Structure formats: C-alpha cells, structure tokens
Amino acid sequence: MKTFQELYRDILKQETAQGREPEGEYNPKQMDCLLHPEQYAPVVFADSCEQCEYDKACENSCIFDAFEHGEDGSVSISREKCVGCGACVDACRLERLVENRDVVPVLRALREKGKKVYALVAPAFWGQFGEGATTGRLRAAFKAMGFQGMIEVAVFADILTLKEALEFDANISDRGDYQLTSCCCPVWISLIRSFYRELMPHVPASVSPMIAAGRVVKQLHSDAVTVFIGPCIAKKKEAREPDIADAVDYVLTFQEVKDMFEAAEIKPELLGEDDREHSSRAGRIYAAVGGVSEAVRETVRQLNPSRRIEVRAEQADGVPACRAMIERLKNGKTEANFFEGMACSGGCVGGPRAIIDREEGKQNVRRYADRAEYKTPLENPFVMELLSRLGFDTVEEFLEKSDLFVRQF
C-alpha cells in the first residue's frame with residue numbers, strides 16, 4: 001500500500017498532467033484527506049498511530065489539547081481544536097504527522113473554466129524559490145501555472161500597519177496603556193484567546209494581512225478564487241475560522257507550491273520578468289520578528305511627529321517566549337506599550353514550511369525591504385489608491401468605517 005507521501009506525489013503528478021486519480025492500492029482516508037482537506041485538521045496523520053515508543057511526545061507538545069483518543073485505541077486530531085502551530089509535527093520522531101494539503105483542490109480550480117484564481121503571496125516569499133526567482137519571475141511562474149495573477153500580501157500588511165498605527169495614536173496615551181498586536185500570526189492570536197482571554201480588549205480587532213488581501217480581491221473581483229501562499233501551517237486553520245472564512249479559499253505552503261512547480265516543470269528562475277512592486281518597506285518586514293513593531297513605530301511617528309508617548313515595543317518569537325512575555329506584562333515587569341508575538345522562531349521566515357533557513361530568509365526579507373521605494377504606507381501611493389477604490393477618502397474615515405479589515409473575536 002502506498003504511503004501518504006507516495007500518494008501525494010502520485011496524485012500531484014497526475015492532477016498536473018491529466019486530472020486522473022492515481023492507480024494502485026492506497027488508504028481511502030488518506031485519499032479523502034487530499035481531495036477534501038477542508039474536512040480535516042491542519043495537521044493529519046500520515047500513517048496510523050496506535051502505539052508510541054516516545055511517550056506521546058507529539059501529544060504532550062500540544063498546548064491546545066487537539067489530540068483525541070477513540071475507544072478502540074486510535075488517535076486523531078481535532079479539526080476544531082488544532083490551530084496548526086506545527087509543534088506536534090516537530091515532536092513526532094516517527095514522522096507520522098504532516099500538514100494537511102490543499103494542492104489538489106487548487107489544481108482543479110485552476111483547470112475549471114471560468115474561474116479566476118489569484119495567488120496571494122506572503123511577505124516571506126523572497127528567496128524561497130531560488131536566488132533567481134525574483135518577484136517578477138515568480139509572478140510569471142504563477143501565471144504559467146494557470147493563476148490569473150500574483151498579489152503581494154505585503155501591500156495589505158501596509159494597510160494593517162496604517163490601521164494599527166492609527167489605533168495606537170488614538171488609544172494609547174497614558175503609561176500603562178498597551179496594545180497587543182501581530183494580527184499576522186494566528187497562533188499568537190489563538191494563544192491569547194485560549195489562555196489570556198481577559199487581555200482581548202487590548203487586541204485591535206484587525207484581520208490579518210492574508211484575510212485583508214482575500215477580502216479586497218473578492219470585493220474587486222466577485223468571481224475570484226483566492227489562494228494564500230506562505231510558510232505557515234496555521235494559516236490553513238485561520239482561513240476556515242467562521243467569522244473570516246469569506247476571504248481565502250485555499251492555503252498552500254511554500255513547499256506545496258514548490259511541489260506544484262516541479263510537477264508542472266515550471267522553473268521560475270528561467271522565466272521572463274512580470275514585475276510590478278506595490279508594497280512599502282513597512283509591509284515587507286512583517287515576515288521577520290520585530291517587523292510589525294518597527295513598521296507601526298515608524299508609521300506612528302509620521303502620523304504624529306509631536307506625539308509624547310512613542311511606541312515602546314517588546315517582541316517574542318516562539319510560543320514559550322510569547323507566554324513568558326505575557327506573564328511579564330501581567331505582572332507589571334515591562335515598560336513596553338506594544339507587544340508583538342510570533343509563534344515561530346525568527347517570525348514567519350522561520351515557519352514550519354519555509355524552504356530556506358530562517359537566518360537566510362531574514363536576510364532576504366531585509367534586502368527586499370531595503371529595495372522598497374517607499375518606507376511606510378503613508379508614503380505608498382498604491383495604498384492610498386487602493387483605499388480610495390474601496391471607498392475611503394481619508395485616513396480618519398478608514399479607521400472609523402474599515403469593516404472590511406475588522407473581525408469579531
């Protein structure tokens with residue numbers, strides 16, 4: 001019988017070529033998982049797991065209690081409780097756990113007549129697909145794959161930076177006031193919602209850049225199919241949360257996209273440039289820890305140069321560090337007024353399905369950010385043009401009526 005990985009590779013090749021289902025013996029549940037990933041948790045078992053010689057290291061690593069036991073001794077992962085942090089995948093020494101995969105539904109959407117599928121690419125993308133895979137060549141590769149176009153989510157990180165900067169300027173005035181941020185990390189938000197619910201009033205009700213991108217694309221193109229692409233497994237769960245499930249249809253990791261390109265024999269580094277860059281430095285640095293804080297700090301300074309209280313930021317990367325930071329906050333052992341949490345070490349560049357090393361990814365992000373023509377969203381004419389198209393004539397109106405960028409926690 002084929003393993004999960006063998007089945008995945010087989011069906012990927014056949015879907016890319018002709019749309020036929022694989023032949024030979026395979027586990028029907030594994031096949032169903034690949035065909036209908038929305039019915040399963042962000043992390044799934046690649047093989048049966050009834051006995052463990054490592055004292056349930058995977059289960060013990062899960063702080064969200066997502067592992068469930070059947071009366072027959074079987075183990076499963078709850079679709080409702082699993083947030084996709086990937087801790088169990090790293091902990092499983094037998095490699096029986098893998099991320100759920102949206103490749104097959106995406107490939108079928110690309111083949112379906114009349115559908116316009118858009119790739120929404122996370123800010124951490126720079127350098128993930130090889131040194132020669134520039135923004136323009138990667139856009140050309142997605143179009144060769146059948147996508148209508150590629151959109152940088154960093155543009156929407158710009159918009160969320162502006163929103164969080166406006167909210168900080170409007171609400172944080174006294175010593176002791178603070179803002180919990182980093183809406184781009186779903187595990188950080190889940191951590192607060194699950195264990196520190198009393199702190200939720202300090203979390204701006206902002207959607208993530210991924211959700212903002214999906215919602216805007218769908219508002220401007222009502223027939224659009226949106227596919228987010230990044231290094232994160234948790235984004236698969238975020239895209240299905242009831243209050244924001246209207247934005248993103250599918251989520252692919254960088255590794256899944258690399259697999260698709262290889263199956264279709266598309267080499268981004270060999271393609272011509274289709275280059276249009278619309279994001280500022282602020283949106284691009286979201287991909288590395290500290291980037292959100294830096295982006296909001298600079299934007300607040302531009303909004304209100306005479307402001308008495310500036311952004312005093314504290315950052316944490318990794319779930320243990322995030323919990324420790326929150327405990328310092330609760331115990332009054334910090335002077336910060338802006339707290340940025342990232343579940344992955346190094347930020348999104350250290351995501352579980354990044355292709356390159358996180359230090360290399362961090363350097364690439366910084367280089368890409370330094371190339372940006374504009375430093376903040378306030379300088380970026382594309383942000384202002386987009387907000388105007390969405391019906392916001394002033395930044396004040398954007399803050400007051402920005403339902404498109406708000407969620408209900």
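Colleague: Why is Glu 256 called buried?

Modeller: The model discussed here is a predicted one. Glu 256 has a relative accessible area of 1%, and buried means under 20%, so Glu 256 is classed as buried.

Colleague: What makes Lys 236 and Glu 256 a salt bridge?

Modeller: Their closest N and O atoms are 2.9 Å apart. The cut-off is a side-chain nitrogen of Lys or Arg within 4 Å of a carboxyl oxygen of Asp or Glu, and therefore the pair qualifies. The two residues link distant parts of the chain, with Lys 236 in helix α10 and Glu 256 in helix α11 (residues 254-263), 20 residues apart. Lys 236, at 1% relative accessibility, also counts as buried.

Colleague: Which residues are joined into one network by salt bridges that share partners?

Modeller: That network consists of Arg 193, Glu 241, Asp 243 and Arg 407. The search of the whole structure finds 25 salt bridges.

Colleague: What does the salt bridge between Asp 246 and Arg 215 tie together?

Modeller: Asp 246 lies in the loop between α10 (234-238) and β9 (250-253), and Arg 215 lies in helix α9, so the pair ties together parts that are 31 residues apart in sequence. The N to O distance is 3.4 Å, and the limit is 4 Å.

Colleague: Are Asp 246 and Arg 215 buried or exposed?

Modeller: Asp 246 has 45% relative accessibility and counts as partly exposed, a class that lies between 20% and 50%. Arg 215, at 10%, counts as buried.

Colleague: How do you know that helix α9 is largely enclosed by the rest of the structure?

Modeller: Nine of its twelve residues are buried, which is why α9 is described in that way. Among the buried residues are Pro 209, Met 210, Gly 214 and Arg 215.

Colleague: How does the span of helix α9 (residues 209-220) agree with what is expected?

Modeller: At 1.5 Å a residue, its twelve residues should span 16 Å, and the end C-alpha atoms are 16 Å apart. The expected and the computed span therefore agree.

Colleague: Why is Val 217 called buried?

Modeller: Val 217, a residue of helix α9, has a relative accessible area of 4%, and the limit for buried is 20%. Not counting residues up to four places away in sequence, Val 217 touches Tyr 118, Leu 120, Ile 151, Ala 224 and Thr 226.

Colleague: What makes β7 and β10 edge strands?

Modeller: Each of them, β7 (179-181) and β10 (313-317), pairs on one side only. They belong to an open sheet of three strands in the order β7-β11-β10, with parallel pairing.

Colleague: How do you know that β10 and strand β11 (residues 338-342) pair?

Modeller: Five bridges join them in the parallel sense, and at least two are needed for two strands to pair, so the condition is met. In one of these bridges, Asp 317 has Met 342 of β11 as its partner. Helix α7 packs on the sheet, touching β7 and β11, and its direction makes about 170 degrees with that of β7. Helix α13 (residues 291-303) also packs on the sheet, where it touches β7, β10 and β11.

Colleague: Which residues have the most contacts inside the largest nonpolar core?

Modeller: They are Leu 97, Trp 188 and Phe 405, in a core of 90 residues. Helix α7 (residues 154-171) gives the most to this core, with nine residues. Apart from it lies another core, of 46 residues, including Val 103 and Phe 142.

Definitions and conventions. Residues numbered from 1 in each chain as written. Predicted model: local features only at pLDDT ≥ 70, side-chain atom pairs only at ≥ 80, totals over all residues. Heavy atoms only, no water. Core = buried A, V, L, I, M, F, W, Y, C linked by side-chain atoms within 4.5 Å. Buried < 20%, exposed > 50% of the residue type's maximum accessible area, 1.4 Å probe, protein only. Helix = DSSP H or I, 4+ residues; strand = E, 2+ residues; numbered from the N terminus. Expected span 1.5 Å × (residues − 1). Contact = heavy atoms within 4.5 Å. Axes fitted to C-alpha atoms, helices over the stretch in contact; angles between N-to-C directions.
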